[in-house]
Amino acid sequence: MIKKVLTIAGSDCSGGAGIQADIKTITAHKMYAMSAITALTAQNTTGVYGILDADPEFIGKQIDCIFQDIRPDAVKIGMVSNSRTIEIIVEKLIQYQAENIVIDPVMVSTSGSELLCYEARKTLIDKLLPLGTLITPNIPEAQVICGFKIESEEDMVRAAVCIWEKIHGAVLIKGGHLVHEAADLLYANNQRHWFREERVHTVNTHGTGCTLSSAIACNLADGNSLDESIKKAKKYLTGALKTGLNIGKGSGPLEHTYCLQLL
């Protein structure tokens, strides 16, 4: 039977990130994609120009419709922009005893601006992140959660331990923002595992975080271990970057369907 994956995230009208990147990734893994949209964004490869939040109660209704009819085998969570939305999502995940939850804590923009107010950030860290099977912060997001700067792999280890102590769950800190090498650190059950892939030199990285977290969710839905899910997801992401898709005037999107054969 086909595996089903739910993404709870914001919509990117230009198709490179958010719900659209998630659905493309899930489809590329030959799984059935479902979505609960938390916000509409006006954005493209050059930036974000507007955000319209969905009504939190309506987000809850979307999640109800999904779980009461087509129960997902995994859930990926991306952009959640206010405390009430986060609380509704937490309530529904607990109500339906959701499994294989991968949370990409979208907290900091590419330019370094914080996207969540203090209250929403606190709700995210205190209530939502502890429900995750895995959370996947990049370095700026990990810095917000742990409260100190991360400038080396040693700092990544300290941050991972700090985050583990806050949420008591597995954390994958993505090291792509480090200058010298792109290495991701998984910290779970007091054990660390480094994942090292070749750095793909490209400016077209729009939606990489969404794509990686969705790919991990797909592999968890397929019954893979956490380590194996991350390994396979990183291989998929590297392939999507190496294809060299180059569209848009700014940081362009990935080629999510590179691994699919043409009809």
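What do the buried residues of α4 pack against? Keep that question in mind; the tour comes back to it. The model on your screen is predicted.

**Stop 1: the whole chain**

Show the protein chain as a cartoon. Look for 8 helices and 9 strands. The radius of gyration is 17 Å, close to the 18 Å that the globule rule gives for 263 residues, so the chain is as compact as a globular protein of that length. Along its principal axes, the C-alpha trace spans about 50 × 45 × 40 Å. Of the 263 residues, 54% count as buried. Now think about contacts between residues with a separation of 6 or more: 67% of them join residues 24 or more positions apart.

**Stop 2: the sheet**

Select the strands. The 9 strands form an open sheet, and the pairing is mixed. Trace the order across it: β3-β2-β1-β4-β5-β6-β7-β8-β9. Stop at the two edges, β3 (47–53) and β9 (191–196). Each has a single partner strand, so one side of each is left without a neighbour in the sheet.

Zoom in on the β3 edge. Here β2 and β3 run antiparallel, joined by 6 bridges. To see one bridge, pick Q43 and its partner in β3, V48. Strands of a sheet pair through backbone hydrogen bonds, either parallel or antiparallel.

**Stop 3: strand β7**

Select residues 170–173, which make up β7. Which way do the side chains point? A170 and L172 point one way, while V171 and I173 point the other way. All four are buried. In a regular strand the side chains alternate between the two faces of the sheet.

Next, add the neighbours. β6 (residues 134–135) runs parallel to β7, with 2 bridges between them. One pair to click is I135 with V171. β8 (residues 183–188) runs antiparallel to β7, and 3 bridges join the two. Here, pick I173 and its bridge partner L185.

**Stop 4: two loop residues**

Step back from β7 into the loop that joins α6 (153–167) to it, and find H168. H168 has a positive phi of about 55°, although it is not a glycine. Is H168 buried or exposed? Its relative accessibility is 61%, so H168 counts as exposed, the cut-off being over 50%.

Now go to the loop between β8 and β9 and select N189. N189 also has a positive phi of about 55° and is not a glycine. With a relative accessible area of 59%, N189 is exposed.

**Stop 5: helix α4**

Time for the opening question. Select residues 118–128, helix α4. Its buried residues are A120, R121, T123, L124, I125 and L128. Colour those, then show what they pack against: β4, α3 (83–95), β5 (101–103), α5 (139–146) and α6.

**Stop 6: helix α1**

Select residues 18–28 for α1. The buried residues of this helix are G18, I19, A21, D22, T25, I26 and A28. What covers them includes β1 (4–12), β2 (32–44), β4 (74–77), α7 and α8. Move just past the end of α1 to K30, which takes a positive phi of about 60°.

**Stop 7: I216**

Find I216 in helix α7. I216 is buried, with a relative accessible area of 0%. Which residues does I216 touch, not counting those up to four places away in sequence? Select V102, L134, T136, L172, S229, I230 and A233. You met L172 in β7 at Stop 3. Then draw a distance from I216 to T25, C-alpha to C-alpha. The two are 191 residues apart in sequence and 10.0 Å apart in space.

**Stop 8: the second largest pocket**

End with the second largest pocket, which has a volume of about 220 Å³. To show its lining, select A28, H29, K30, M31, C218, N219, D222, K232, K235, Y236, Y258 and C259. A28 is one of the buried residues of α1.

Which helix gives the most to this lining? It is α8, with 3 residues. Both α7 (208–221) and α8 (226–242) supply at least two residues each. Finally, colour the lining by class: 6 residues are nonpolar, 2 are polar and 4 are charged.

Technical notes
Residues numbered from 1 in each chain as written. Predicted model: local features only at pLDDT ≥ 70, side-chain atom pairs only at ≥ 80, totals over all residues. Heavy atoms only, no water. 1 Å grid on protein atoms, 1.4 Å probe; cavity = no way out; pocket = protein on both sides within 12 Å on 5 of 7 lines; lining within 4 Å. Points joined across faces, edges and corners; volume = space filled by probe spheres on them. Nonpolar A, V, L, I, M, F, W, Y, C, P; charged D, E, K, R; others polar. Buried < 20%, exposed > 50% of the residue type's maximum accessible area, 1.4 Å probe, protein only. Pairing = 2+ DSSP bridges. Rg over C-alpha atoms; globule rule 2.2 N^0.38 Å. Contact = heavy atoms within 4.5 Å.
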